[in-house]
Amino acid sequence: MVMSMTSHDAWMAQALKLAARGRRTTTPNPNVGCVIVRDGELVGSGYHRKAGTPHAEVHALAEAGSKARGATAYVTLEPCSHYGKTPPCADALIKAGVANVVCAMTDPNPQVAGQGLEKLRNAGIEVISGVLNAEAERLNRGFLKRMRTGRPWLVAKMAASLDGGTALANGDSQWITGPEARQDVQSGRADSCAVVTGVETVVADNPSLNVRLDGADRQPVRIILDTQARTPVPSTIVTLPGRTVIIHGAQANPLSLERLQAAGFELVEMATANDHIDLPAFLSWCGQQAFNRVWLEAGATLTGAFAEQGLLDELWLYQAPIMLGGATRPVADFRLDSLKQAHRFDVDDVRFVGKDIRWQLLPAFP
């Protein structure tokens, strides 16, 4: 039976919804969902739940059983063709006897990169690729960027008043936004592999930067960019479950490093530029750690540095319906000589979170 593209879209939408269930547990793998349809009826479904466990296709095929023969499999990402911690999903689909495979997009992972689709075609399976491609790209932004560039998807979180303030002149900043927005930030952290801040934030606020959600599946790695190793001991951030890493420069005081290591911090030496951690080098290191998505929750100086160097992939701005007057700003000054140089953003999503507005913004490239 030949299905219309409308039917393809509908079934792929179901597979994408399934895939999203694994967004906090599959790292460093991508989020993948699969549904198997025979004669217009759903006979099997599944999603990838955790790295090292069966992939989405395996779960869906197990549920479909013998009904998979002659059916159509909808997969949100090209089925893998190589042996990793699990066998190739392309082989499983071939063995099950599916007649058609519809996937949302090819996998940029060099170990796959079209080879899975080629294997299916060589086995006589009809393959269609590109159904709901944009939605699939959005779901796996972090994994896809890491595969393509070696760096993670970097999301900066900011909160500000209507007049652009983040704190009063005396430093009072708790709380600009309401409880719903602060709870929403927890979801942003939970979706990330690592949470990054600067030493100035640790010194000033002694933050936790952990995920405080019931049933949280993981704690992202907490990272402090601290060129001189000035992080105070004790600090709340290192006393919580999970890893806390300090990224420091070669110029850091050895005695300070010993003290921090004894307190439980992991230490990583990083190249510096102008006496600060080299930010592109840091993001490359994050890619080497297989971090797909990194959450930046820092002060104006560090956030401004990432922005000035064009390293932000996404910005979450929580805007509260208040005015602060002469207040500090969320991004430190960087020099622009004309409006043509302004950092512009496209609106990816905007919604109310409680009384506050959450803007999800993507850099607008000319």
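**Close-up 1. Asp39, an exposed residue in a loop.** Welcome to this predicted model; our tour begins at Asp39, which is exposed, with a relative accessible area of 66%. Anything over 50% counts as exposed, so Asp39 earns the word. To find Asp39, look in the loop between strand 1 and strand 2 (41-47). Its backbone deserves a glance too: the phi of Asp39 is near 55°, a positive value in a residue other than glycine. Most residues other than glycine have a negative phi.

**Close-up 2. Ala113, a partly exposed residue with a positive phi.** Ala113 sits in the loop between strand 4 (100-103) and helix 4 (115-122). Its phi is near 40°, again positive although Ala113 is not a glycine. Is Ala113 buried, exposed or partly exposed? With a relative accessible area of 45%, Ala113 is partly exposed.

**Close-up 3. Helix 4 and its buried face.** Three residues to pick out in helix 4 are Gly116, Leu117 and Leu120, which are buried. Viewed down the axis of helix 4, the buried residues fall within an arc of 95°, so they line one face of the helix. An α-helix has 3.6 residues a turn, so residues three or four places apart point the same way. What covers the buried residues of helix 4? The cover includes helix 3 (89-96), strand 4 and strand 5 (126-129). Just after helix 4 comes Gly124, with a positive phi of about 90°.

**Close-up 4. Strand 15 and its two pairings.** Strand 15 (residues 314-319) is largely enclosed by the rest of the structure, because 5 of its 6 residues are buried. Strand 6 (residues 153-160) runs parallel to strand 15, and 6 bridges join them. Strand 18 (residues 356-363) pairs with strand 15 in the antiparallel sense, over 5 bridges. Leu315 is a handy residue to follow here: in strand 15, Leu315 is the bridge partner of Ala156, and in strand 18 the bridge partner of Leu315 is Leu361.

**Close-up 5. Two cis peptide bonds, at Pro28 and Pro234.** Most peptide bonds are trans. Here, however, a cis bond joins Thr27 and Pro28, with omega about 10°. Pro28 belongs to the loop between helix 1 (5-19) and strand 1 (33-38). The bond from Val233 to Pro234 is also cis, and its omega is near 5°. Where does Pro234 lie? Look for Pro234 in the loop between strand 9 (221-225) and strand 10 (244-248).

Note on methods: Residues numbered from 1 in each chain as written. Predicted model: local features only at pLDDT ≥ 70, side-chain atom pairs only at ≥ 80, totals over all residues. Heavy atoms only, no water. Helix = DSSP H or I, 4+ residues; strand = E, 2+ residues; numbered from the N terminus. Buried < 20%, exposed > 50% of the residue type's maximum accessible area, 1.4 Å probe, protein only. Arc of directions from axis to C-beta. Contact = heavy atoms within 4.5 Å. Pairing = 2+ DSSP bridges.
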